[in-house]
Amino acid sequence: MRIILVTGNGGAGRTSVAVGTALAEARGGRRVLLVSAEAGDLGDLGPGGPEVLVPDPATDFRREFLAFQARSSTALDLLGAAPFEDAELTELPGSGQVAMLRAIRDAAAGDWDLVLVELPPVREALALLALPAQLRRYLRRLLPPERQAARALRPMLAQLAGVPLPAQWLYETTARWEAELAAVQDVVDSPDTAVRLVVEPGPAAEDALRTARLGLALQGLALDGLVANRVLPADSPDPWFAALAAEQHRHLAALREARPELHELPHLGRDPRGAEDLALLAVPVGEPAAPAEWTVEDRREADGILVWHVPLPGAVKGALSLVRRGDELLLAVGPFRRAVPLPPVLRRCTVTGAGLVDGDLRIRFAPDPGLWPRTAP
């Protein structure tokens, strides 16, 4: 199963491109699922189109909240809390992100050849894709799994203390959240999942590409392809139109230099509506792109160090910071942050320095004599 996550800068037409691609692939005989909240606004896709899954944050929030409330009824009774009814609940900020993550998980569990997921604009999309790993890290820090081993003692301790202690439901709920988040992260990290960026040629397109490349690289994800949408013809006799097209094509040249496999889609001269218009905006689905690897170079014999190479295309030295914390490296690049587990071989080392060379962050580590195995004399 291929999964393509479609994002882009605002107003670039990512919905049209996602729907058009899904429609073309479905008409070609593939089993296609389209996950999109906006696809219904583009008109009837006609026979032979893809299945469409529309995330419903409000319904998803009410269902999950009521299920959580039911599982927590004993603890809530102890606190004297009055339970909510379905009609009282309205979704909270962030519900849309959670609903989209669940939709991605559910889509990957289906029997499809291809899943196309329309994500929000690029910065929001990058935050969404990073969310499962971030939440799992928070859960592990706040409720470490090893503490759950003592839960069998809690009823006895509660009797001795005479007061109720934290209930088992807290740890059961945490385990359930961990399993759900792990399932989503498995989909995002899969080599069959890639991100496609849709832009309209202009200054914002180059900014979106830089942001996407950097944010995805930090997360260890691949950029599947770059799509330039609403490209104007370059041979118009109208001076105003020709000047606008020339400006577009200057930006196209810059995009093509950064991504030679740039795919261009024409401006239809109207907002696309219905299957025939959308079929003109299909982008071929090729082999998945592989993300750049984070490799450890062993230079102990020559320099006495190991070097961790972290590819960060477009990173700027002044907007880069890193901090070692235990067995993690806390990386901040521009607006993005990530806590990265160190490879096992580097956990027995100390950080001695770092440098950024042509988008390659090179972090130097020296073996810690107190932790590194001694060689036989």
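**Confidence, sheets and helices of the predicted chain**

Over residues 156-165, pLDDT stays under 50. For this stretch the model has five contacts beyond four places in sequence. Where pLDDT is low, the predicted coordinates should not be read in detail. The model as a whole is predicted. Among the elements of the chain, helix H6 (residues 154-161) has the lowest mean pLDDT, at 48. Strand E9 has the highest, at 96. The chain average is 86, and 90% of the residues score at least 70.

The chain holds 377 residues, of which 41% count as buried. Its secondary structure consists of 11 helices and 14 strands. Along the principal axes, the C-alpha trace spans about 90 × 70 × 35 Å. Contacts between residues at least 6 apart in sequence were also examined: 67% of them join residues at least 24 apart.

One open sheet is made of four strands. Their order is E8-E9-E14-E13, and the pairing is antiparallel. Strand E8 (295-299) and E13 are the edge strands, each pairing on one side only. Neighbouring strands of this sheet are turned against each other by 25 degrees on average, direction ignored. E8 and strand E9 (residues 305-311) pair over five bridges, in the antiparallel sense. Opposite Arg299 stands Ile305, a residue of E9.

Strands E13 (349-357) and E14 (360-367) are joined by a loop that contains Asp358. Asp358 has a positive phi of about 50 degrees, although it is not a glycine. With a relative accessible area of 81%, Asp358 is exposed. The cut-off for that class is over 50%.

A second open sheet has three strands, in the order E10-E11-E12. Here too the pairing is antiparallel. The edges are strand E10 (320-325) and strand E12 (336-341), and each pairs on one side only. From one strand to the next, the twist averages 15 degrees. Strand E11 (residues 328-333) pairs with E12 over six bridges, in the antiparallel sense. Ala332 stands opposite Arg337 of E12.

Helix H5 (residues 122-142) packs on this three-stranded sheet. H5 touches E10, E11 and E12. The direction of H5 makes about 50 degrees with that of E12. Helix H8 lies across E11 and E12. H8 runs at about 20 degrees to E12.

H8 (residues 203-219) has 17 residues. At 1.5 Å a residue, these should span 24 Å. The end C-alpha atoms are 25 Å apart, so the two values agree. Buried residues of H8 include Ala205, Ala208, Leu209, Thr211 and Ala212. Towards the end of the helix, the buried residues include Leu214, Gly215, Leu216, Ala217, Leu218 and Gln219. Just after H8, Gly220 takes a positive phi of about 75 degrees.

A positive phi also occurs at Arg230, a residue other than glycine, where the value is near 60 degrees. Arg230 is found in strand E6 (residues 223-231). Its relative accessible area is 25%, so Arg230 is partly exposed. Residues count as buried under 20% and as exposed over 50%, with partly exposed in between.

Helix H2 (residues 57-71) has 15 residues. At 1.5 Å a residue they should span 21 Å. The end C-alpha atoms are 21 Å apart, which agrees. The buried residues of H2 are Asp60, Phe61 and Gln69. They cover an arc of only 155 degrees around the axis, so they lie on the same side of H2.

Gly28 is found in the loop between helix H1 (14-27) and strand E2 (32-35). At 64% relative accessibility, Gly28 counts as exposed. Gly28 and Gly49 are 21 residues apart along the chain. Their C-alpha atoms are separated by 9.7 Å.

Conventions
Residues numbered from 1 in each chain as written. Predicted model: local features only at pLDDT ≥ 70, side-chain atom pairs only at ≥ 80, totals over all residues. Heavy atoms only, no water. Helix = DSSP H or I, 4+ residues; strand = E, 2+ residues; numbered from the N terminus. Buried < 20%, exposed > 50% of the residue type's maximum accessible area, 1.4 Å probe, protein only. Expected span 1.5 Å × (residues − 1). Pairing = 2+ DSSP bridges. Axes fitted to C-alpha atoms, helices over the stretch in contact; angles between N-to-C directions. Arc of directions from axis to C-beta. pLDDT = per-residue confidence, 0-100. Contact = heavy atoms within 4.5 Å.
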